[in-house]
Amino acid sequence: RRGIPAVTAVRNLKDYCSNGDLLIVDGRNGVVISKPDAEQESAYRKLQREFVDLKGQLAENRDSPARTADGVELEISANINGLDDIVASRAMGASGVGLYRTEYLFLTHPSVPNEEEQLNDYRRIIADAPGKRVIIRTLDLGGDKTIPFLGHDREANPFMGWRSIRLSFEHPKLFLEQLRAVLRAAASPEAAGVDVRLLFPMITTIEEIRKIRTMLRKAASQLKAAKQTYRNVPIGLMLEVPAAAVTIESLARDVDFVSIGSNDLVQYLMAADRDNPKVSHLCEPLSPPVLRVLAHVIQVCRRMKKPVCLCGEMAGLPRAFVLLLGMGLRWFSMSPALVPTIKDLASHVTLAEAEQIVREALALKTTAKVRSLLSAKLAELAPNLALLEAAD
Ligand code: PEP
Ligand code: MG
């Protein structure tokens, strides 16, 4: 998230190294080399220098607009977990905040932040955010993120259980507090000229959207009764559950925008826990079933003229970006550190090229074939970025 190389799920690392040993962490390829020999060390030091130079050069595009080689305007915004990430998103040239994960405010608080504390936090985020749009996502707890104050029981299947919007509905007082804090922040002086929006995670049914609208009306009438200033804001659903992808046409009618949470969508579609290394080979955003679902959702939203964003990690993967662009996506949100790379890549690709790549990719039957097609295309379109890509 901060541009720090990382490799996860390395088993028995301590059997291979001890304190003070030199380690090489190659986050592109998921490789850790313990106690490298002189040749490995000098090869990686050279690579590191080239990598840092390239990242530095790319970050110089922070003030230029995001557009394709043939001039199609894109929105490349940042995913943030709190105020700390705002600095990075400005420095990297993000065009706005596409996803503020408010659960981190709760996870770092000694108990539960009250309405005033939330209001202050949202105002500061809005005041410092780059660009003119801030999307605030309501509490997305449960799954891998639990806090004791909400009375979380151990569940057999936490990702399929009591999480996200399901949990907010069960804590109406807390949910209303969060809604009121956002509506008030949207009317604060900092928010003048800023498009503040609310985003709801893990939407599965249309009834949930109706319930959200009821809660929003209630939050607004409570604020009115208390003579607080507030502003009603556009609302969006996070498309993360396959059921919502299948019914996107009817769900999208009831919201102002859609944001595809591909991290969760991929795990639910493939029935493979995103945090379990034993099944990580299935959690593959470039797999044929995932591509079909994404193409469908983007196409339906475009036909309905419903703004659609993708805010999962794949938005910042060069190979996936080209495909999403070709499928019709124009709004991407990603870790701040990835914004310069994607902006640069966009400037090397025309829409016609991206659309042709989608046609070819959708005809392939395996993830391996999709990946190698995309590697070959990227090497042609943006050879300057080859250093950032994993070897296949
Ligand atoms: C997602 O699921 O793609 C997403 C952006 O949300 P999170 O990673 O916070 O679950
Ligand atoms: Mg998610």
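**Strands, salt bridges and a magnesium ion**

Reader: Which residues of β5 sit on one side, and which on the other?
Author: Both faces of β5 are covered, and every residue named here is buried. Buried means under 20% relative accessible area, with exposed over 50% and partly exposed in between (1.4 Å probe, protein chains only). Strands are DSSP runs of E, at least two residues, and helices are runs of H or I, at least four, numbered from the N terminus. On one side you'll find R133, I135 and R137, and on the other V134 and I136.

Reader: What kind of model am I looking at?
Author: Residues are numbered from 1 along each chain as its sequence is written, while chains are lettered from A and ligands numbered from 1 in the order in which they are written. Side-chain values use heavy atoms, leaving out hydrogens and water, local features need pLDDT of at least 70, side-chain atom pairs count only at pLDDT 80 or more, and totals for chains, interfaces and linings use all residues, since this is a predicted model.

Reader: Which strand is joined to β5 by five bridges?
Author: Strands pair if DSSP finds at least two bridges between them. Strand β4 (residues 97-101) runs parallel to β5 with three bridges, and there Y100 has I136 as its bridge partner. R133 of β5 stands opposite D195 in β6. The parallel partner with five bridges is β6 (residues 195-200).

Reader: R137 meets which side chain in a salt bridge?
Author: A salt bridge here is a side-chain nitrogen of Lys or Arg within 4 Å of a carboxyl oxygen of Asp or Glu. For R137 the N to O distance is 2.6 Å. The two partners are 34 residues apart, with R137 in strand β5 (residues 133-137) and the other in helix α4 (residues 103-107). That partner is E103.

Reader: Are R137 and E103 buried or exposed?
Author: R137 has 3% relative accessibility, so R137 counts as buried. E103 comes out at 0% relative accessibility, so E103 is likewise buried.

Reader: Which residue does R163 meet in a salt bridge?
Author: R163 lies in the loop between β5 and α6 (165-170), and its partner is in helix α11, 101 residues apart. R163 counts as buried because its relative accessibility is 2%. The N to O distance is 3.3 Å, and the partner is D264.

Reader: Which residues are joined into one network by salt bridges that share partners?
Author: By the salt-bridge rule, the count comes to 21. Shared partners join some of the residues we've met into one network. The members are E103, R137, D140, R163, D264 and R274.

Reader: Which residues coordinate the magnesium ion?
Author: Donors are N, O and S atoms within 2.8 Å of the metal (3.2 Å for Na, K and Ca), and water is not among the atoms, so sites may look incomplete. The magnesium ion (ligand 2) has its coordinating atoms, OE and OD, at 2.0 to 2.1 Å. One residue is in the loop between β7 (235-239) and α9 (242-246) and the other is in helix α11 (residues 262-270), 24 residues apart. Both are buried, and they are E240 and D264.

Reader: Which residues touch the most other members of the largest nonpolar core?
Author: A nonpolar core is a set of buried Ala, Val, Leu, Ile, Met, Phe, Trp, Tyr and Cys residues joined through side-chain atoms within 4.5 Å. The largest one holds 110 residues. Apart from it lies another core of eight residues, including L99 and W331. Back in the largest core, those touching the most other members are F200, L239, F321 and F332.

Reader: In β10, what is the bridge partner of L310?
Author: Strand β9 (residues 308-310) joins β10 through two bridges, and the strands run parallel. The chain crosses from β9 through helix α13 (residues 318-327) to β10, a crossover that is right-handed (with the strands pointing away from the viewer, the path from the first strand over the helix to the second runs clockwise). The partner of L310 is F332.

Reader: How many residues of helix α14 are buried?
Author: Its buried residues pack against α2 (38-59), β3, α13, β10 and α16 (367-381), where contact means heavy atoms within 4.5 Å. Helix α14 (residues 339-346) is largely enclosed by the rest of the structure, because the buried count is eight of the eight.
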